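I opened this notebook to record what I looked up in the structure. The entries run from the whole chain to single residues.

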Amino acid sequence: MRKAKPKKRIILPDPVFNEVMVSRFVNHLMFDGKKTIAYDIFYTALDNVKSKLPNEEKSPLEIWKKALENITPQVEVKSRRVGGATFQVPTEIRPDRKESISMKNMIIFSRKRSGHSMAEKLAAEIADAYNNQGGAFKRKEDMHKMAEANRAYAHFRF
């Protein structure tokens, strides 16, 4: 490599839960640098989750973490060209990329949902992911199926 690797930026924990993971999620959620609005959406969504799942003994933050865990993929397929043919090669995912993919999927599928506010849509997606349902969970399942189907090409791993 010609250039040095860029330094990892340190993300400060969020003000309410004191969690770096929440800050990272809010950074993915944010549009046009409006971080306060993104935090507002996230905290409102957690309140909505609490009202949607009243019989759960876990806190809304724990429910959100479990939902993220449920939609986190373990393997993905990458295109690899070997002698004119392109193969979908299943590869393991780095831990930081796993987290990032799951957060982005949750946000993407929340935005696609029908509902009034983003907070409501996000709360619905969190509740679905917690119960192993919804678009983000389906995306994870599809990634795993694709990797399983292309397991024969695993020896092309790079």
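Entry 1, the fold. Helices and strands are taken here as DSSP runs, a helix having at least four residues and a strand at least two, numbered from the N terminus. I note at the outset that the model is predicted. I asked in which pattern the helices and strands follow along the sequence. I read the chain as α-α-α-β-β-α-α-α. I recorded the secondary structure as 6 helices and 2 strands.

Entry 2, the whole chain. I took the extent along the principal axes and found that the C-alpha atoms fill a box of roughly 55 × 40 × 25 Å. I then looked up burial: of the 158 residues in the chain, 37% are buried. I also looked up contacts between residues at least 6 apart in sequence, and 61% of these join residues at least 24 apart.

Entry 3, the hairpin. I turned to strand β1, residues 75-82, and strand β2, residues 85-92. In which sense do these strands pair, parallel or antiparallel? I found the antiparallel sense, over 8 bridges. I looked up the bridge partner of Val82 and found Ala85 in β2. The hairpin has 2 residues between the strands, and I noted there that Gly83 takes a positive phi near 55°.

Entry 4, Thr86. I selected this residue in strand β2. I asked which residue stands opposite Thr86, and found Arg81. Leaving out residues up to four places away in sequence, I listed the residues that Thr86 touches as Ser79, Arg80 and Arg81. I entered Thr86 as partly exposed because its relative accessibility is 48%, and the class lies between the limits of 20% and 50%.

Entry 5, two helices. I next examined helix α1, residues 20-29, against helix α4, residues 95-112. At what angle do their axes cross? I found that the axes come within 10 Å and cross at roughly 45°. I therefore entered α1 as oblique to α4. I recorded the crossing of α1 and α4 as right-handed.

Entry 6, the contact of α1 with α4. On the α1 side I listed Met21, Arg24, Phe25, His28 and Leu29. On the α4 side these meet Glu99, Ser100, Met103, Lys104, Met106, Ile107 and Arg111. I sorted the residues of this contact by character and obtained 6 nonpolar, 2 polar and 4 charged.

Entry 7, Asn18. I looked up the backbone of Asn18, which has a positive phi of about 60° although it is not a glycine. I located Asn18 in the segment before α1. Is Asn18 buried or exposed? I entered Asn18 as exposed because its relative accessibility is 58%, and the class begins over 50%.

Entry 8, Asn132. I looked up a further asparagine, Asn132, which is not a glycine and yet has a positive phi of about 55°. Where is Asn132 found? I placed Asn132 in the loop between α5, residues 118-130, and α6, residues 134-149. With a relative accessible area of 40%, I entered Asn132 as partly exposed.

Conventions
Residues numbered from 1 in each chain as written. Predicted model: local features only at pLDDT ≥ 70, side-chain atom pairs only at ≥ 80, totals over all residues. Heavy atoms only, no water. Axes fitted to C-alpha atoms, helices over the stretch in contact; angles between N-to-C directions. Parallel < 35°, antiparallel > 145°, perpendicular 65-115°, else oblique. Left-handed = near helix turned anticlockwise from the far one by under 90°. Contact = heavy atoms within 4.5 Å. Nonpolar A, V, L, I, M, F, W, Y, C, P; charged D, E, K, R; others polar. Pairing = 2+ DSSP bridges. Buried < 20%, exposed > 50% of the residue type's maximum accessible area, 1.4 Å probe, protein only.
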